[in-house]
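Hi,

Here is the structure I promised to pass on. Have a look at it first, and my notes follow below.

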Amino acid sequence: MPSLKSGLASFCAFSFLLLQLGSTEARRLPTNPQWVKLHALRSQSTSSELAKRQGATFPVYTFTQPLDHFVDTGFTFEQRYWLSDRHYKPGGPVIVFEAGEGPGDERMPILDTGIVDILANATNGLGIVLEHRYYGESVPVQNFTTDSLRWLNNEQAAADSANFIDNVTFPTIPGDLTAPGTPWIYYGGSYGGARAAHMRVLYPALVFGAISSSGVTHATLDDWRYFDIIRQYAPASCIAQVEKTIDEVDAFITSPKAETRHAIKAVFGLQNLTYDPDFASLLSGPLGAWQENNWDPAVGSTAFADFCDALGTPDNAKIHTAQGITVSNATFNYAKYINSTYVRSCRPPATQDECFGTITAKDQYLATDLSQTWRTWDFQVCTQWGFFMTPPPDPAIPRIISKLITQEYASLICKLAYPPGEHFQVPAQPNITAVNSLGGYNIAYDRLAIIDGEDDPWRGDTPHSPAAHPRPDTTLRPFKLIPGGVHHYDENGLANHSLEPPQIQAIHQQEVEFVKAWLKDFKAPSN
């Protein structure tokens with residue numbers, strides 16, 4: 001196991017690198033054991049960019065939930081929620097935001113100027129952010145071992161929300177606002193978007209309407225469309241450079257000659273990274289920044305644009321390297337970028353295997369104290385969701401990630417991080433059937449809105465996937481694709497909504513219109 005001194009040096013060295021991997025809030029990064037390590041370090045060293053921009057504060061309360069809704073364990077925990085009554089008038093709906101796989105307190109801007117505030121303002125509604133079990137401070141266990149995580153699943157989380165909607169009393173709001181006597185509109189983005197859709201399907205008597213934004217309702221083992229959508233929608237000249245590099249690197253790294261494989265790693269400054277798939281994986285790191293693009297510069301990141309600038313424009317130039325191999329200018333520029341960002345951030349006494357290795361640094365995946373917050377979402381990935389990012393299965397489709405990133409490699413995290421417990425064992429493969437049986441690509445219900453971004457790399461897992469069937473867009477079943485939109489583009493907003501881009505103003509207005517139309521049909525039970 002690496003020494004404490006080595007580990008601290010490695011941690012500090014990553015400070016620049018991890019800033020490029022995006023915030024810890026709801027934007028899900030690709031699942032892969034190396035990215036998990038990098039993102040885990042970042043989540044311990046920085047708070048989300050969205051949280052840093054928080055303006056107004058809102059009171060936080062807790063609601064008592066059972067540890068297990070289906071078996072009486074005798075244990076309970078406190079689930080946090082935040083309340084905004086700035087627009088509420090008696091008779092108005094409750095607009096609840098599913099905080100998903102992150103701390104609820106990082107979602108306050110959505111309660112302040114984002115979609116929850118927009119809908120509450122338009123409907124005299126009460127705004128809520130509801131924290132998910134095992135995230136933030138809504139943690140029911142004392143550690144994140146495999147056994148302790150066994151109550152973290154879709155079924156328990158859905159039952160939490162249903163129990164909350166059915167039984168909560170608000171300290172500052174008189175009267176009974178539980179469902180079905182009050183209409184509840186459930187909103188979520190990404191995983192939270194899938195949760196919102198599932199809540200409408202599973203608990204239609206409690207959830208009057210739901211909005212699934214970039215909702216990943218289709219779970220899959222081999223999620224090759226993630227990077228392929230980036231290939232299709234990112235700037236063409238940049239992608240041409242990436243494709244050329246990956247083709248060239250794969251030819252070198254799969255050479256039968258050890259000296260050739262060593263040489264190409266050395267060009268990238270990674271000659272001391274032992275396991276070749278770890279090298280190939282690190283080259284995919286900059287691509288994940290695509291989903292951090294946002295229409296609001298204060299929320300988004302320029303990391304992907306910076307990466308593309310570093311690659312330069314396509315040409316036919318060749319570079320004879322000091323390592324004795326000849327590479328394209330695209331590969332040479334890619335190598336300089338990896339060297340100047342990732343590699344330079346890994347400083348002695350940390351080794352490259354400690355910084356970037358997976359099977360060569362296994363012990364780093366076994367910490368289970370409550371500070372290891374990365375373990376929660378990846379446990380969900382390994383048990384029910386999948387989303388293991390790989391290249392396209394069809395060799396005729398161009399690749400922007402290496403063919404060494406197989407499903408076996410991408411799913412290594414499940415074996416490295418979650419050894420069998422006394423009471424629970426992670427399955428050999430995630431039980432994606434448990435997700436897809438709720439509808440998958442075809443999930444639909446009256447008063448369930450599907451909102452996706454055209455350029456979102458997660459779109460392949462939503463009902464707007466290229467693999468899904470087209471469907472009409474109606475008021476009762478809205479089905480909307482935001483032009484140029486990336487991940488849950490409708491979620492955030494500005495204090496002055498007139499300053500938002502036209503497509504964002506449009507989708508916000510459409511959401512207000514169909515929610516108000518839904519509410520006209522609400523009739524409280526006579527009893």
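**Disulfides and a central strand**

The S-S torsion of Cys382 and Cys414 is about -90 degrees, so this disulfide (a pair of cysteine sulfur atoms within 2.5 Å) is left-handed. Cys382 sits in helix H16 (residues 374-385) and Cys414 in helix H18 (residues 412-417), so the pair ties together parts that are 32 residues apart in sequence. The S to S distance for Cys382 and Cys414 is 2.1 Å, and both cysteines are buried.

Before I go on, the small print: this is a predicted model, where local features need pLDDT of at least 70 and side-chain atom pairs count only at pLDDT 80 or more, while totals for chains, interfaces and linings use all residues. Residues are numbered from 1 along each chain as its sequence is written, and side-chain values use heavy atoms, with hydrogens and water left out.

On terms, buried means under 20% relative accessible area, exposed over 50%, and partly exposed in between (1.4 Å probe, protein chains only). Helices (H or I, at least four residues) and strands (E, at least two) are DSSP runs, numbered from the N terminus.

Back to the cysteines: the count comes to three disulfides, and they follow the pattern 1-2, 3-4, 5-6 when bonded cysteines are counted along the chain. Cys238 is bonded to Cys308, S to S 2.1 Å, and this link is left-handed too, with -75 degrees about the S-S bond. Here Cys238 lies in helix H10 (residues 236-253) and Cys308 in helix H13 (residues 303-311), so the pair ties together parts that are 70 residues apart in sequence. Cys238 is buried at 2% relative accessible area, and Cys308 also counts as buried, at 13%. In the disulfide of Cys346 and Cys355, the sulfur atoms are 2.0 Å apart. That one has a torsion of about 85 degrees, so it is right-handed, and both of its cysteines are buried.

Now for strand E5 (residues 184-189): six of its six residues are buried, so it is largely enclosed by the rest of the structure. Trp184, Tyr186 and Gly188 cover one side, with Ile185, Tyr187 and Gly189 on the other.

What does E5 pair with? Strand E3 (residues 94-98) is one partner, parallel over four bridges (pairing takes at least two DSSP bridges), and Ile95 stands opposite Ile185. Strand E6 (residues 209-213) also runs parallel to E5, joined by five bridges, with Gly189 opposite Ser213.

Cheers
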